[in-house]
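Take the sequence and the structure together, and follow the text from one part to the next.

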Amino acid sequence: MPPLSSRTLPLLSASVATPGYDRGLVRAGIVHLGVGGFHRSHQAMYLDRLMQQGRALDWGICGVGVLPGDRRMAEVMAAQDCLYTLVVTHPDGFLDARVVGSVVEYLLAPDDPDAVVERMTDPAIRIVSLTVTEGGYNVDAVTGAFDGTDSGVLADLVPGAALRTSFGLVVEALVRRRDRGIAPFTVMSCDNIPGNGDVARRSFAAFAALREPALGEWVEREVPFPNSMVDRITPATTAVHRTELARRFGVEDGWPVVCEPWTQWVLEDRFGSGRPPLEDVGVQLVDDVEPYELMKLRLLNGSHQAMGYLGTLAGYTFMHDVCQDPLFRRFLHGYMDQEATPTLGPVPGIDLESYKADLIGRFANPNVRDTLARLCAESSDRIPKFLLPVLRANLASGGDIRCSVAVLAGWARYAEGTGEDGRPLDVVDPLRERLVAAARRQARDPLAFVADRELFGDLVDDERFAGTYVATLDLVRSRGTRAALEEVLSAGGR
């Protein structure tokens, strides 16, 4: 079968939906930094929906790879004319395949950072969007302060440097637009961070202020940074996905994307130079994203953390297997109902009980095959944003904490680097060495892991937390995950 490209589109089976619009007419209006699976299953998909209606052809996407590791994506996008296949996998095994055409350019910043800056300086570009992961904003997990000592930041502050970071690239483009009399673009974060637009504003303004204090003030004042909430489970693409796509649909795609049917995007309607009519393809445009954001971060993302470490320790590999285990389902319900939900206010238009039921169904979809390893990666960026706010809120109110504490104890045990069966565990985290060293001290010092104040703040000083954590960690380490969860649940979550 021929590899996917513009030339081979007409040769594809009728079972594969293809762009019904002339991609030759599409012009980039958005530059997106961080073209991974999620961006391609979510934001790019919404733009493709609009283009299928013959609209928003001036809102095509120019993708940008910021890291050297993005070279493989650059090669695939070049070979496939920026086309890729989006495969939606349903719980009953039905697969829906569509070739998405909304990405029309791709640039690799390490090869030519100035080309990326100039592309963002083009007046046609009115939005710069980001999926750079929770850790990509270079902020302290506890204080939220921007780290001006980061080596990449320091390198980008040197006049005339070949820019390496998203901060250097975006701020330089904003400076050139200002100097040329071009209105600033909107910076739209699509990462799983509370107040992601506000976090992006603080980070980019802080970097700009390091270049020049007045520049930081200008970014704060003049550049729009709308908050957003995004949701679609999108596991990492594997060789199995590529093989199945070729077998069932006859498509040879170097980097397809597989995702669940569910998708949600809630977005503040704050744009400086226009936006696509996203509300016409299912995006919720609102004045305040926070209620939706907290719901998603504390229920969905918090539950991901609840499954990841404890499920791995219990010997599972995939999320759906954990969710089909009655004990883990009870634990998830305990976390969501007794701990996360009480920390949430009303969410306009959302029935939280239905939302939670949908979550369990989504997690249990056996055809998504989302790995627990993905959920366990980058924990030092995720736990402080997804789980600790729930724990702190319940400590303050006197609410239930045992499920949240069990998740932390599971992370601490996981970070020792071996499973309950003795097999090695690959701890993937920017703070790996620090975390593993602390975890391996906890046999003699049970508070060693949570005593890291850069990650956990003053939690270790709270007597109720410390006592519950030590008892739960002892259960996980001495009796195993399943026995620990039975004990937690028999205690009623208190």
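Which residues does serine 303 touch, not counting residues up to four places away in sequence? They are Arg298, Leu332, Tyr335, Met336 and Phe363. The model in which these contacts are found is a predicted one. Serine 303 is found in helix H10. Its relative accessible area is 0%, and buried means under 20%, so serine 303 is buried. The side chain of serine 303 also reaches the backbone oxygen of leucine 299, at 2.5 Å.

Helix H10, which covers residues 290–313, can now be followed to one of its partners. H10 packs against helix H15, residues 379–386, at an angle of about 135°. The axes of H10 and H15 are 9 Å apart. An angle of that kind is neither under 35 degrees nor over 145, and it falls outside 65 to 115, so H10 and H15 are oblique to each other. The crossing of the two helices is left-handed. On the H10 side, the contact is made by Leu297, Arg298, Asn301, Gly302, Gln305 and Tyr309. On the H15 side, Ser379, Arg382, Ile383 and Phe386 take part. Arg298 thus appears in this contact and also among the residues that serine 303 touches.

Tyr335, another residue touched by serine 303, leads to a second pair of helices. Tyr335 belongs to the residues of H12 that meet H17. Helix H12 spans residues 326–340, and its axis comes within 8 Å of the axis of H17. The two axes cross at roughly 125°, and H12 and H17 are therefore oblique to each other. Along with Tyr335, H12 contributes Phe331, Gly334 and Glu339. From H17 come Arg402, Cys403, Ser404, Ala406 and Val407.

H17 and H10 are both packing partners of helix H20. Helix H20 runs over residues 463–479 and has 17 residues. From its first C-alpha to its last, H20 reaches 24 Å, close to the 24 Å expected at 1.5 Å a residue. At the start of H20, a side-chain oxygen of aspartate 462 comes to within 3.0 Å of the backbone nitrogen of arginine 464. The buried residues of H20 are Phe465, Ala466, Thr468, Tyr469, Thr472, Leu473, Leu475 and Val476. Besides H10 and H17, these residues pack against helix H16 (388–397) and helix H21 (481–490). Just after H20, glycine 480 has a positive phi of about 100°.

Threonine 481 lies in helix H21. With a relative accessibility of 0%, threonine 481 counts as buried. Its side chain is joined to that of glutamate 420 by a polar contact of 2.5 Å. Not counting residues up to four places away in sequence, threonine 481 touches Leu310, Leu313, Ala314, Phe328, Glu420 and Val476. Val476 is one of the buried residues of H20.

Finally, turn to a strand. Glutamate 268 lies in strand S11, residues 264–268. Is glutamate 268 buried or exposed? Its relative accessible area is 6%, so glutamate 268 is buried. Its C-alpha atom is separated by 5.6 Å from that of asparagine 227, although the two residues are 41 residues apart along the chain. Glutamate 268 touches Asn227, and also Pro226, Leu285, Val286, Asp287, Asp288 and Val289, not counting residues up to four places away in sequence. The side chain of glutamate 268 makes a polar contact of 2.7 Å with the side chain of arginine 270.

Key: Residues numbered from 1 in each chain as written. Predicted model: local features only at pLDDT ≥ 70, side-chain atom pairs only at ≥ 80, totals over all residues. Heavy atoms only, no water. Helix = DSSP H or I, 4+ residues; strand = E, 2+ residues; numbered from the N terminus. Expected span 1.5 Å × (residues − 1). Buried < 20%, exposed > 50% of the residue type's maximum accessible area, 1.4 Å probe, protein only. Contact = heavy atoms within 4.5 Å. Polar contact = N/O pair within 3.5 Å; in protein donor to acceptor, adjacent residues only side chain to side chain. Axes fitted to C-alpha atoms, helices over the stretch in contact; angles between N-to-C directions. Left-handed = near helix turned anticlockwise from the far one by under 90°.
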